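User: I've got a model open here and want a quick walk through it. Can you take my questions as they come?

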Amino acid sequence: MENLRSKKGFICDMDGVIYHGDRLLPGVKEFVDWLYANNKEFLFLTNNSGKTPLELRLKLQGMGLDVDESHFYTSALATAKFVSSQCSRCSAYVIGEPGLVGALYEAGVAITDRNPDYVIVGESHSYNYESINKAVSLVLEGAKLIGTNSDLTGPTNDGIAPACRALISPIEMATGKKAYFVGKPNPLMMRTGLRMLGVHSEDAAMIGDRMDTDIVAGIESGLDTVLVLSGVTSRADIDLFPYRPRLVLSGVGDIPCCAG
């Protein structure tokens with residue numbers, strides 16, 4: 001634990017680590033206070049593409065936690081950065097929420113349903129048969145298929161809901177084309193996070209509640225890895241994977257607890 005506390009930078013998942021639905025998880029305020037008090041660099045990094053950093057800040061404010069929006073990085077921002085770096089002045093047909101659409105606009109990506117360079121899919125509350133049909137048609141005509149993240153499911157106030165990989169699957173099946181996923185565990189997103197922190201991987205830790213995204217992303221990027229049991233993974237689930245986190249904690253509140 002002392003090795004973890006000595007790290008200069010912390011990359012933290014959000015759902016299941018910082019909050020669940022609209023409820024701040026136990027120990028989070030103490031953890032964030034500890035980060036500030038010890039001058040740690042930190043980034044809340046989420047695969048959810050629906051919200052902007054400002055919206056995430058306001059969400060946490062509503063739970064009594066004030067964190068500047070510069071501390072948030074989403075798969076929507078990572079996706080916008082990726083496609084704009086691959087193809088300048090490119091265009092995309094988008095199935096997603098305002099967080100994704102806004103990130104693409106800011107990166108100079110034109111949103112269109114006529115001969116786009118990409119079809120980009122993220123989490124969406126307006127996902128429907130018409131949008132699937134359109135996406136399939138555009139991919140068959142040559143548009144490249146991009147997913148903001150590879151999560152099959154995500155937590156909501158009402159339980160588990162389909163996430164990006166589940167939503168993009170019908171398009172993959174109908175076209176025979178495989179999507180490229182930008183978010184965790186893709187090292188692209190992790191390396192950008194480290195650059196934002198200004199910290200080397202050896203001096204940083206990844207804290208998450210999912211073995212298949214957070215922990216494997218940390219391992220493959222050379223970060224210290226911490227699994228918290230406050231989200232979707234139980235202690236028994238760990239043995240289902242061929243890799244392990246270095247530490248397993250009940251929640252992030254364990255980190256400042258009893259720290260010297």
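User: Is cysteine 164 buried or exposed?
Analyst: Cysteine 164 is buried, at 0% relative accessible area. Buried means under 20%, exposed over 50%, and partly exposed lies in between, with a 1.4 Å probe and protein chains only. One caveat: this is a predicted model, where local features need pLDDT of at least 70, side-chain atom pairs count only at pLDDT 80 or more, and totals for chains, interfaces and linings use all residues. Residues are numbered from 1 along each chain as its sequence is written, and side-chain values use heavy atoms, without hydrogens and water.

User: And cysteine 257, how exposed?
Analyst: Cysteine 257 is partly exposed, with 43% relative accessible area.

User: How many disulfides are there?
Analyst: The whole-structure search gives 0. A disulfide here is a pair of cysteine sulfur atoms within 2.5 Å.

User: Why no bond for cysteine 164?
Analyst: Because its closest cysteine sulfur, in cysteine 90, is 17 Å away, too far for a bond.

User: Switching to the sheet. What is the strand order?
Analyst: It is an open sheet of 6 strands, ordered 5-4-1-13-14-15, with parallel pairing. Strands are DSSP runs (E, at least two residues), as are helices (H or I, at least four), numbered from the N terminus. Two strands pair if DSSP finds at least two bridges between them.

User: Which strands are at the edges?
Analyst: Strand 5 (72–74) and strand 15 (247–249), each pairing on one side only.

User: How many bridges join strand 1 to strand 4?
Analyst: 4, between residues 9–12 and residues 41–46, running parallel. Isoleucine 11 has leucine 43 in strand 4 as its bridge partner.
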